[in-house]
Amino acid sequence: MSSTNELSPKSPQESAVETRHVVLPNDANHYGTAFGGAIMSWIDLIAVMAAQRHSGREAVTVSIDRINFITPIQIGDHVNLKAMVNYVGTTSMEVGVQVNRENPYTGEMVRATTAYLSFVALDENKKPARVPPLKLETDLEKRRYAEGKMRIEMAKEFSAKIKASRKT
């Protein structure tokens, strides 16, 4: 890839990824609901795909910044995951993932989980590499970008406060 192509802006839609799973007994606890860890694994997998598509490079998870389990997912439910890059820095990206449970018989969809993850793109030497800027085209993309920027800034402030508190 040339430097010009590497840094050409991309819209969040260009890197968006969607996938589906069925919750099987091995994915569930003794209550018949999906293990949080199974859902988290699916979230990390789809989020890295969006990060790789956006950056055009290897990308690694830096943090799972927030995950909210809203509604339980039952054995037999279909699970629809959607991931999209919300915000980019110089070498990092925030990816948002929406998880919906779907009743396979009625098609009813309910939001089950939301998550925000941070990734860093890597070059051939496994060092942080620059990522393309986001080309924001819709009001929703602009809102997600602004919210992602706030989450990143708050995480940096929180980290600084923790470090400062340890020095006392």
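Biologist: Where along the chain is Asp27 placed?
Modeller: Some ground rules come along with that: residues are numbered from 1 along each chain as its sequence is written, and side-chain values use heavy atoms, with hydrogens and water left out. This is a predicted model, where local features need pLDDT of at least 70 and side-chain atom pairs count only at pLDDT 80 or more, while totals for chains, interfaces and linings use all residues. Helices (H or I, at least four residues) and strands (E, at least two) are DSSP runs numbered from the N terminus. On that basis, Asp27 falls in the loop between β1 (17-22) and α3 (36-55).

Biologist: Is Asp27 buried or exposed?
Modeller: The cut-offs go by relative accessible area: under 20% is buried, over 50% is exposed, and anything in between is partly exposed (1.4 Å probe, protein chains only). Asp27 has 17% relative accessibility, so it counts as buried.

Biologist: Which side chain of opposite charge is nearest to Asp27?
Modeller: For charge, Lys and Arg count as positive and Asp and Glu as negative, leaving out His and the chain ends. A salt bridge needs a side-chain nitrogen of Lys or Arg within 4 Å of a carboxyl oxygen of Asp or Glu. Asp27 has no salt bridge, and 14 Å away is its nearest opposite charge, Arg20.

Biologist: What is Asp27 in contact with, leaving aside neighbours within four places in sequence?
Modeller: Contact here means heavy atoms within 4.5 Å. By that test, the contacts of Asp27 are Val22, Thr33, Ala34, Phe35, Ala38 and Trp42.

Biologist: Which residue forms a salt bridge with Lys126?
Modeller: The whole structure has 7 salt bridges. One of them links distant parts of the chain, 68 residues apart, running from Lys126 in the loop between β5 (109-122) and α4 (139-166) to a residue in strand β2 (58-69). Lys126 is exposed at 52% relative accessible area, while the partner is partly exposed at 36%. With closest N and O atoms 2.6 Å apart, that partner is Glu58.

Biologist: What is phi of Lys126 near?
Modeller: Most residues other than glycine have a negative phi. Lys126 has a positive one though not a glycine, near 65°.

Biologist: Which residue does Arg151 meet in a salt bridge?
Modeller: Arg151 lies in helix α4 and its partner in strand β4 (92-102), so the pair ties together parts 57 residues apart in sequence. The partner is buried, with 0% relative accessibility. At 2.7 Å, N to O, Arg151 meets Glu94.

Biologist: How far apart, N to O, are Arg143 and Glu147 in their salt bridge?
Modeller: Both residues lie in helix α4, 4 residues apart, which is about one turn of the helix. Arg143 is partly exposed at 42%, and Glu147 is partly exposed at 25%. Their side chains meet at 3.0 Å.

Biologist: How many Å does α3 reach from its first C-alpha to its last?
Modeller: The expected span of a helix is 1.5 Å times one less than its number of residues. α3 has 20 residues, and its reach is close to the expected value, at 28 Å.

Biologist: What do the buried residues of α3 pack against?
Modeller: Several α3 residues are buried, among them Ala38, Ile39, Trp42, Ile43 and Ile46. Just after the helix comes Gly56, with a positive phi near 70°. The buried residues of α3 pack against α2 (12-15), β1, β2, β3 (78-88), β4 and β5.

Biologist: Which element gives the most to the largest nonpolar core?
Modeller: A nonpolar core is a set of buried Ala, Val, Leu, Ile, Met, Phe, Trp, Tyr and Cys residues joined through side-chain atoms within 4.5 Å. The largest has 29 residues, and those with the most contacts inside it include Ile43, Val95 and Phe119. At least two residues come from each of α3, β3, β4 and β5. With 8 residues, the top contributor is α3.

Biologist: How far apart in space are the C-alpha atoms of Thr91 and Ser55?
Modeller: Thr91 is in the loop between β3 and β4 and is partly exposed at 22%. Beyond four places in sequence, Thr91 touches residues including Phe119, Pro128 and Val131. Thr91 and Ser55 are 36 residues apart in sequence, and their C-alpha separation is 8.9 Å.
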